[in-house]
Amino acid sequence: MPGLPARCPRPRDLRRGAVLTWVFLVAVGAAASTGCWDRTGAAGAAGSAAVLPSVRTSAPAPQASRPAGTADREAVARAAAEAVAEGKSGKKAAQEVVSRSGDRWGAVYDQGEYAAFAEDLDGRWTGVGLWAGRGRGGRVEVERVQPGGPAARAGLRAGDRLLSVDGHAVTGLAVADVVALLRGAAGTPAVLSLSRDGADFTETLRREQLRAEPVTVRELPGGITVIKVASFTRGSGERVRAAVRAAPAGARLMLDLRGNPGGLVTEAVTAASAFLDGGLVATYDVRGTQRALYAARGGDTTRPLVALVDRGTMSAAELLTGALQDRGRAVAVGTRTFGKGSVQMPTRLPDGSVAELTVGTYRTPGGRSLDGAGITPDVPADEGAEERARTVLGGLGVGP
């Protein structure tokens, strides 16, 4: 529908607090360009997605069916409309329908939550600099803090239990709702009640405009260049390509995707183009319409490459890993990835809220479904995964 981006899934109980993965579909004649992002506390909003000429779109199936375990968008919209007519919350009514449908990634967001998503496309957001996630027993915990941010300066750390935000108890709330409470205008106070080692305490933080560097590079002994991609925000794919081009001659490459919650699919495809000379990156369907994503030509196909992955590797990061693995370009080292590979599309509801419902799934070049299965690494490694990756790189020959 006009003005709303179609999206991929995001785990409501994870997110590094509330990872949101979305897909943009922008019509370009009869084709479409796709972008998908996961965000750190709030995700992207309706806006323009970069055109990806290499996306191919086939004709829709004659009778596209709704995937099993997904919500019917007409039923969701109807429930919202009826609730609004009765003076009730359209968002709440829609949430109830989505919840009953069994749509694992389906969710409903109000206008403010949806609008806040746009910031994350550029790797920036306004908040206190912490990622919240679902811990044991359903409690909400701090998963990590932004270095140098308000939470870090106050001494908050991973594992702290979050009890309330500005007096609103967070127990039982969806992580996305907790994240919405943490967001706000720069300079406004956020009063957090927390618990650590059985002791409760309170911290008053000031929200700030924060920015994360999605791609960092470091050199290891033995001629290994490590390219760490924290998330696929806007411009990160080109940063990966630049890092590969800048790597010393004869360097072996380690692509670290551990803890990467995903991001814009267009950026993941651009990153794939750094290591491939064209060809298929992934296929996906939207209500029976088959589409495919292709890498640009001219990537580095000779230097040895290892992709480091773990349980926190999700969505667009899994799509990239699967492409490199299936195409025989990289050896994947680590633990099985999260397994988030379904596609969501949004529907605007009568009260202005947005329902995000599952409509299809992604597959690797070899035809593997990512959703629920994840990527199984070629070389299993948990503790000491980077050292194992160095050993693997040492055994890989350099191409001509």
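L255 makes a good starting point in this predicted model: beyond residues up to four places away in sequence, L255 touches I227, V229, F275, L305, V306, A307, L308, L320 and L324. The same leucine is listed, together with F232, F275 and Y362, among the residues with the most contacts inside the largest nonpolar core, a set of 41 residues. Helix α9, which spans residues 316-326, supplies the largest share of this core, with six residues. A second core, separate from that one, has 16 residues, including A132, V140, A151 and L194. As a general background to such groupings, nonpolar side chains in soluble globular proteins tend to be buried together.

Stepping back to the whole chain, the protein has 400 residues, of which 52% count as buried. Its secondary structure comes to ten helices and 22 strands. Contacts that span long stretches of sequence are well represented: among those between residues at least 6 apart, 68% join residues at least 24 apart.

Confidence deserves a word before the local details. The mean pLDDT of the protein is 79, and 80% of its residues reach 70 or more. Over residues 1-65, however, the pLDDT is below 50, although this stretch has 262 contacts in the model beyond near neighbours in sequence. Where pLDDT is low, the predicted coordinates should not be read in detail.

The pairing of two helices comes next. Two packed helices are described by the angle between their axes and the distance between the axes. For helix α1 (residues 73-85) and helix α2 (residues 90-101), the angle is about 145° and the axes lie 8 Å apart. Their crossing is right-handed. On the α1 side, the contact is made by A75, V76, A79, A80, A83 and V84, which meet G90, A93, A94, V97 and V98 of α2. By class, this contact has ten nonpolar residues, one polar residue and no charged residues.

Helix α3, residues 111-116, holds E113. This glutamate counts as buried because its relative accessibility is 11%, under the 20% cut-off. E113 touches K91, V108, D177 and A180, with residues up to four places away in sequence left out. For one of these partners, A180, the C-alpha separation from E113 is 6.4 Å, and the two residues are 67 apart along the chain.

A contrasting case is A246, found in helix α7 (residues 236-246). A246 is exposed, since its relative accessible area of 62% is over the 50% cut-off. Its C-alpha atom is 9.8 Å from that of T225, a residue 21 positions away along the chain.

Among the strands, β7 (residues 140-145) includes V145. Leaving out residues up to four places away in sequence, V145 touches G129, L130, W131, A151, A152, L156 and R157. V145 and R157 are twelve residues apart along the chain, and their C-alpha atoms are separated by 6.4 Å. Another of these partners, A151, is a member of the second nonpolar core.

Finally, two aspartates stand out in their backbone geometry. Most residues other than glycine have a negative phi, and most peptide bonds are trans. D166, although not a glycine, has a positive phi of about 55°. This residue is found in the loop between β8 (161-165) and β9 (168-169). With a relative accessible area of 35%, D166 is partly exposed. D197 likewise has a positive phi, near 55°, in a residue other than glycine. The loop that holds D197 runs between β10 (189-196) and β11 (199-206). D197 is exposed, with a relative accessible area of 76%.

Note on methods:
Residues are numbered from 1 along each chain as its sequence is written. Side-chain values use heavy atoms; hydrogens and water are left out. Axes are lines fitted to C-alpha atoms, for helices over the stretch in contact, and angles run from 0 to 180 degrees between N-to-C directions. Helices (H or I, at least four residues) and strands (E, at least two) are DSSP runs, numbered from the N terminus. A crossing is left-handed if the near helix is turned anticlockwise from the far one by less than a right angle, and right-handed if clockwise. Contact means heavy atoms within 4.5 Å. Ala, Val, Leu, Ile, Met, Phe, Trp, Tyr, Cys and Pro count as nonpolar, Asp, Glu, Lys and Arg as charged, and the others, Gly among them, as polar. A nonpolar core is a set of buried Ala, Val, Leu, Ile, Met, Phe, Trp, Tyr and Cys residues joined through side-chain atoms within 4.5 Å. Buried means under 20% relative accessible area, exposed over 50%, partly exposed in between (1.4 Å probe, protein chains only). pLDDT is the predictor's confidence in each residue, from 0 to 100.
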